Amino acid sequence: MIYREAGQFKTTYAGDQAIFPILQDRVFVGLVALAAFVAVPLLANEYWLQAILIPFLIYALAAIGLNLLTGYAGLLSLGTGGFMAVGAYSAFKLATAFPWLNVILVFVLAGVCAAGVGLLFGIPSLRIKGFYLAVATLAAQFFLIWLFNKVGWFVNYAPSGTATAPPRTMLGVMVTGPQATAPVRYLVALGLVVLFALVAKNLVRGRIGRSWMAIRDRDIAAEIIGVRPLRTKLLAFAISSFYCGVAGAELLFLYLGSVETLAFDINLSFLILFMVIIGGLGSILGSFLGAAFIVLVPIFLTNVPNWIGLDMRTDTQKHLELMIFGGLIIFFLIVEPHGLARLWQITKEKLRLWPFPH
Amino acid sequence: MIEFLRSLVLPFADMVSSPTFFVEVLVGGIAAGLMYSLVALGFVLIFKASGVFNFAQGVMVLFAALTLVGLMERGMPVPVALALTVAVMIALAFAIERVVLRPLVNQEHIILFMATIGLNFFLEGLGEQLWGSNVKRLDIGIPDESFSVAGVLLNKLELSAALTAAVLVTVLAVFFQRTRIGRALRAVADDHEAALSIGIPLKTIWVIVWSVAGIVAIAAGVMWGAKSGVQFSLSLVALKALPVLILGGFESVPGAIVGGLIIGVGEKVAEVYWGPLVGGAIENWFAYVLALAFLLFRPQGLFGERIIERV
């Protein structure tokens, strides 16, 4: 009854092509944005920001990056962790080598470095696809992590082998480093993720996104209608790695503060892949939903035994967590292989007809 | 620069000047390669028969080894424990077919792949919950000691692993080529629908193939466990099996063996002779880069079926 597009006529092309063509959607998104930008920093406590919201935003950005590659261009990648590591370490090198550089610019440049590395490791995608490509991207994962581990230059020869985010200010406010408060870091991460999500949404609606989807759905046919596979696939790798690189830089600067290469190991790649699959392949919204799911489920599983007053040994709890996590993944794939984004879409369809379903 | 080039070439001189050491490195590589092959075999079997890329194979190896050790710790003799482990793996195959595969029939490959990653987590949690997560010793009566033949040190355990692999491959090859079930398996791998339409029971075939993969996992688990203890890192061996698959081709049993040998020898030789140049520990990624370089020239692997595409 409430959610209905009846009576909303589109009189311009711009109105027809809007991301949110229905008024109710625009109001809803506006309210969410208002809540995220104003209410959350004012109300949320340190724990919520540091343990849930900041990682959620960073993972969402990485998931968008992987979704562009896997969901839209159909190129399966297991090297996400490696590309995020490139972003993190190049941001660290840039920030320490040029202390006057704006931290946002550092993030973007780190993304560009990651894009370059992504291009390099994307070259095999011209000849191989599917699981063969996935294994090929594993080469990127292991090689890059080994490189950052072995070459001391990347961490400025720190004896501990960790890269620590240097303190930087923006507009007179401490943004990174130990003195930066959680709300400030949250706002920076939020601003970046909103900006890049909008860019991604427009990319996939436009010519580039369409050529990606053409390659994904049937590459030979796409080639015949004039989509160049070489350029399209490499562009997908570059842009996806750019997103992952920015996310990796944020992981170091806004969330963890200091990292070892262990933070970017193969498990991170799988985690991001889970977010994309559970959220929904080929959906920007899905990347957010998937990231929220993966961040919240472990926290939920850790706390449930306490809430219902069950006393468990920590290792039992850890094993149960693994089992439930694995079980949930299988369950979700069986119930809705197209992910949470599809569930959201179904809900909206139902809502249009409510309360008269016929 | 000249110095660097010299250090790149020098290892070849080393190889010629001390041939016994070189042979020892080679033997070590072959032994490690056979271990990879054992894990890769499980992947190939399932991929051949169902087109599913079973990521959980590594954890199945771990799970099999954990079950065997757990049963032996409870005082069972080796043959009984082994038989029980086989039963457990077959039961697992039934459960996987019923709970995971059957509801996902006709889904895209990537969905099935993800499901096996979910399975991976589940089995890891289950195995460690049932049998405990600390490192265990697996003693199957073959001593981990070396003897020397013509000046070259050989390891009894590695030799028996090689024998096991050889026997397994022969049995599997005969099974696939000569038996009725083997022919049905190949038919299913070729075309699900055609196989169904001539009356091959798809579900039974899947259970059989997952059971066989489980039994191969036991063999791999026993060998790895006897060598380096039963522990979580065993499941990471699965990742090493991936470049082996790429080299050999996803659908080829002999490919898994040859690929394993190439990867094993290649990474041992690279580590021993060229590793010190770049600071060592290149074993972690060398196999992948080797596979990657290889893919550029032969995308379907050494023995893989040629991918022919038509519009």
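**Two helical chains and the contact between them**

Leu245(B) is buried, with 30 other C-beta atoms within 10 Å (buried means 20 or more other C-beta atoms within 10 Å of a residue's own, exposed 12 or fewer, and partly exposed in between, with C-beta atoms placed from the backbone). Leu245(B) sits in helix α10 of chain B (helices are DSSP runs of H or I of at least four residues, strands are runs of E of at least two, and both are numbered from the N terminus). This is a predicted model, where local features need pLDDT of at least 70 and side-chain atom pairs count only at pLDDT 80 or more, while totals for chains, interfaces and linings use all residues. Residues are numbered from 1 along each chain as its sequence is written, and chains are lettered from A and ligands numbered from 1 in the order in which they are written.

As for confidence, the model comes with ipTM 0.77 and pTM 0.84. Chain B has an average pLDDT of 78, and 84% of its residues score at least 70 (pLDDT is the predictor's confidence in each residue, from 0 to 100).

Back to Leu245(B): not counting residues up to four places away in sequence, Leu245(B) touches Ala40(B), Phe43(B), Val44(B), Phe250(B), Ala256(B) and Gly259(B) (a contact means C-beta atoms, placed from the backbone, within 7 Å). Val86(B) is another matter, as its C-alpha atom is separated from that of Leu245(B) by 25 Å, with the two positions 159 residues apart along the chain. The helix that holds Leu245(B) is itself tucked away: 12 of the 12 residues of α10(B) are buried, so it is largely enclosed by the rest of the structure. The buried set includes Lys240(B) and Pro243(B) along with Leu245(B). From first C-alpha to last, α10(B) reaches 17 Å with its 12 residues, close to the 16 Å expected at 1.5 Å a residue (the expected span is 1.5 Å times one less than the number of residues). Right after α10(B) comes Gly249(B), with a positive phi near 100°.

Two of the residues that Leu245(B) touches, Ala256(B) and Gly259(B), are among the buried residues of α11(B). That buried list also takes in Glu267(B) and Lys268(B). Helix α11 of chain B (residues 253–274) has 22 residues that should span 32 Å at 1.5 Å a residue, and its end C-alpha atoms are 31 Å apart, which agrees.

Gln57(B) gives a second view of this chain, from helix α3 (residues 57–73) of chain B. With 29 other C-beta atoms within 10 Å, Gln57(B) is buried. Its contacts, leaving aside neighbours within four places in sequence, are Val39(B), Gly42(B), Phe43(B), Ala213(B), Ala217(B) and Ala238(B). Of these, Ala238(B) is one of the buried residues of α10(B), while Phe43(B) also touches Leu245(B). The C-alpha atoms of Gln57(B) and Asn120(B) are separated by 7.9 Å, although the two are 63 residues apart along the chain.

Taken whole, chain B has 12 helices and two strands, arranged along the sequence as α-α-α-α-α-β-β-α-α-α-α-α-α-α. Buried residues make up 44% of its 311 residues. Of the contacts in chain B with a separation of 6 or more, 75% are between residues 24 or more positions apart.

Chain A has 14 helices and four strands, and 45% of its 358 residues are buried. In chain A, 77% of the contacts between residues at least 6 apart in sequence join residues at least 24 apart. The C-alpha atoms of chain A fill a box of roughly 70 × 60 × 45 Å along the principal axes. A compact globule of 358 residues would have a radius of gyration near 21 Å, and chain A has 21 Å, which agrees (the radius is taken over C-alpha atoms, and the globule rule is 2.2 Å times the number of residues to the power 0.38).

Within chain A, Leu109(A) lies in helix α5 (residues 103–122) and counts as buried, with 21 C-beta neighbours inside 10 Å. Leu61(A) is in contact with Leu192(A), Val193(A), Phe196(A), Tyr243(A), Val246(A), Ala247(A) and Glu250(A), leaving aside its neighbours within four places in sequence.

Where the chains meet, the contact takes 39 residues from chain B and 33 residues from chain A. On the side of chain B that touches chain A, the elements giving two or more residues are α5 (109–131), α10 (237–248) and α12 (283–297) of chain B. α5(B) gives the most, with 16 residues.
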